Amino acid sequence: MKLAPGILATLALATPLKAEDLTIGFAIAKSGWMEAYDTPAATAAKIRIDEINAAGGLLGRQIKVVEADTRTDRAESAKAGLDVVDQGAEMMVVSCDYDFGAPAALVAEGEGMNSFFLCAEDVKAGIQGVGPNSFSSSVLAPVQGATMAEWSHARREARTAYVLEDTFIEYNKGICKGFDWMFPQLEGASIVGSDTFKNDDASIASQITRIKALPEEPDVIMLCSVMPGAAAAVRQLRAAGINSLILNGSAVDGSYWLDATPDLSGFVVPVQGSIYGDDPRPEVEAFNKAYEAKTGARPASQYAYPGYVLIDLWAKAVEHAGTTEGAAVTAELERMTDEPTAFGPRSFTPELHHQNTALMQIIEITGGKPARVDEWRISQPVPLDVLMGQ
Amino acid sequence: MSLQLLFDALALGGIHAIAALGIALIFGVMRLVNFAHGQFIACAVFALILPSADALAVLGLGRLPAPVLVPVILSVGAGLALAAEALVFRPMRNASPVTLMVGSFALGVALQNLLLVLYGGRPKAISLWAGLGHPVRIGSAEVPLLQLIVIAAIIVILVGLALLLRRSRIGLEMRAAAEDFGMARMLGVPANRVISGAFALSGSLAAVVALVLVAQTGIADVRMGGQIMLVAFIATVVGGMGSLSGAVVAGLGIGAVSALLQAGLPPEARPFRDAFLYAAVILVLLFRPQGLFAPVGTRTRV
């Protein structure tokens, strides 16, 4: 009976084995300056993974995490992507920023896998820049700028605005584009001037001189900037005695930089959820507590949240598709319209793997203390040509 | 408006001038372009806060009252530069200028990563002397107190340095070393003393830049020295490599042109301010390839 061992082997293969783990690869910065931005979102993603595993896993399989370090380096990012693929990743989570995440995301795209940016807010971090299976669960920068425009017009009677753009990264341009698109559409509102600076300018004295030369102080100053330049600009604006309401994007959420301008007031940012314990949605505070339990500290900014949301959305799509195969999951994700998440509804379409409108919480800093004061969803989505910067 | 512009230009140019002076000093005595100078600045800034990767910075040295803090931070800068000289550049003393330059790059990267390990990658807020930002009215201009202090500090530093170089023994030795290092040594100028002196001075100038930057922006960032270092290096080239007064004039000039361009360019061209600035630099170098004030020692004699 020479055949017997072969038959036995076939039988053994046919009987259902214990389901293998499902692997998610994190090709993210674990060192270098980007680490400070990737780690909180990755930690949040792992919190959602732990929750899913505790509830029985995904497609009956436990989720396993493998990681590779991009070292905040574009070339290393591609290598990290290959590394997690070699370790058996079926979906890839990549760095927050488009520039540092895209090389790894392109590796995933080449494998027909889904990739999610941890918190990219540039439209390129998706179909337009990486390919059909790439997503970001964060809220596009122009939506943040447009939210600030419409909210300040409606709730703070802003009629004159001054736009101060930091030319450092695409994100800043996105914020300004959204504001420039929305604000002049509003009744009686106009942009009375604009200027640019560089994030690492040692002084913005000339820019301040130009604002002070205006016949009247503008109602709001749309500051499109990120740290550290944003804090430096706010400090210099306030020191110069300019008291306009200052608006910015989500990127400067957090209280860690407020010492730069003691007793700052009249500074507003839109966020996906409040880290300050005053979000009206109990899920948000539940997450903040879970994050604190895992890391020993509450999130330092809202940028932990998109990590949680991306795993949540992807896992739902995988459940519906019954597979982790990229194209099938993409099709399920693109069917999502106002899909509820802990941090507000999310939608994807075959044209856009980002949020072109979102319910945002409004955080205002008064006397050096940040607090949620309102929420706002823009009255119309930001059109694709504005998102693409045309 | 024009008076305002003058103050804006002086304030920005002043920071660049002090940074350029720090680079020119070292280049003068040992033909080393110290690309780690930017990281010296960053280290002096971070010395103000306690090492921790937490998002919220806790002031350490920064708590000291200003009359104590300023000399302490200046000595931190000087100490760092002296350590760098003793551990990195002294063993490389006889290497070619290119090797030295690569060595300084390596030192810069090492220092930056050291800061990343100790403090994490997130920028930190430092509330230092917030009152200095308040504007003071001078004629038609409104100038933050800090700008006035910066301008005054530059004058003090320049006069002090000029006196040191012209009147003191170490100054004489430094000037001799800058002119012709080999000849100076043969005539009995102690090389180690001169070079250490230049490094200590350069390090404390980096600390001055650090204090001004922190007071101006309220922020500590691991990458913060990079841009200043670049502009300062260009200023030393434009001023004439090795010429101290050239570095100061060019540093002031570059800052002033930058402020003028920011004020004068139409809005569409303003994002390209630095392109115009560097075009002006190229123009200067086309007409004066050796820089504006090339020291006698660097001229080739046939």
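## Packing and chain contact in a predicted two-chain model

Leaving aside neighbours within four places in sequence, Ala44(B) is in contact with Ile73(B), Val76(B), Gly77(B), Ala206(B), Ala207(B) and Ala210(B). The model is predicted, and the values below are computed from it.

Ala44(B) also ranks among the residues with the most contacts inside the largest nonpolar core, which has 160 residues. The others so listed are Met222(A), Ala20(B), Val45(B), Val209(B) and Ala210(B). The greatest contribution to this core comes from α1(B), with 18 residues. A second, separate core has 62 residues, including Ile24(A), Ala41(A), Met91(A) and Ala104(A). In soluble globular proteins, nonpolar side chains tend to be buried together.

Three of the partners of Ala44(B), namely Ile73(B), Val76(B) and Gly77(B), are buried residues of α3(B). Helix α3 of chain B covers residues 66-89, 24 residues in total. From its first C-alpha to its last it reaches 32 Å, close to the 34 Å expected at 1.5 Å a residue. Besides those three, the buried residues of α3(B) are Leu74(B), Ala78(B), Leu80(B), Ala81(B), Ala84(B), Glu85(B) and Phe89(B). Glu85(B) is thus listed as buried along with residues such as Leu80(B) and Phe89(B). The buried residues of this helix pack against α2 (37-46), α4 (97-119) and α8 (191-217) of chain B.

The two chains can be set side by side as follows.

| Chain | Residues | Secondary structure | Radius of gyration | C-alpha box along principal axes | Buried |
|---|---|---|---|---|---|
| A | 390 residues | 13 helices, 12 strands | 23 Å | roughly 100 × 40 × 35 Å | 57% |
| B | 302 residues | 11 helices, four strands | 19 Å | about 55 × 45 × 35 Å | 49% |

For chain A, a compact globule of 390 residues would have a radius of gyration near 21 Å, and the value of 23 Å agrees with this. For chain B, the corresponding expectation for 302 residues is near 19 Å, and the value of 19 Å agrees as well. Contacts between residues distant in sequence can be stated for each chain. In chain A, residues 24 or more positions apart account for 69% of the contacts with a separation of 6 or more. In chain B, 76% of the contacts between residues at least 6 apart in sequence join residues at least 24 apart.

The contact between the chains takes 40 residues from chain B and 35 residues from chain A. On the side of chain B that touches chain A, at least two residues each are supplied by α1 (2-30), β3 (141-144), α8, α9 (225-239) and α10 (244-264). Of these, α1(B) gives the most, with five residues. By class, this side of chain B has 22 nonpolar, 12 polar and six charged residues. Helix α1(B) therefore appears twice, as the element that gives the most both to the largest nonpolar core and to the side of chain B that touches chain A.

One loop position in chain A completes the account. Glu187(A) lies in the loop between α7 (170-182) and β7 (190-197) of chain A. Glu187(A) is exposed because 6 other C-beta atoms lie within 10 Å, and a residue counts as exposed at 12 or fewer. Glu187(A) and Asp83(A) are 104 residues apart in sequence, and their C-alpha atoms are 53 Å apart in space.

Technical notes: Residues are numbered from 1 along each chain as its sequence is written. Chains are lettered from A and ligands numbered from 1 in the order in which they are written. This is a predicted model: local features need pLDDT of at least 70, side-chain atom pairs count only at pLDDT 80 or more; totals for chains, interfaces and linings use all residues. The expected span of a helix is 1.5 Å times one less than its number of residues. A residue is buried if 20 or more other C-beta atoms lie within 10 Å of its own, exposed if 12 or fewer, and partly exposed in between; C-beta atoms are placed from the backbone. Two residues are in contact if their C-beta atoms, placed from the backbone, lie within 7 Å. Ala, Val, Leu, Ile, Met, Phe, Trp, Tyr, Cys and Pro count as nonpolar, Asp, Glu, Lys and Arg as charged, and the others, Gly among them, as polar. The radius of gyration is taken over C-alpha atoms; the globule rule is 2.2 Å times the number of residues to the power 0.38. A nonpolar core is a set of buried Ala, Val, Leu, Ile, Met, Phe, Trp, Tyr and Cys residues joined through C-beta atoms within 7 Å.
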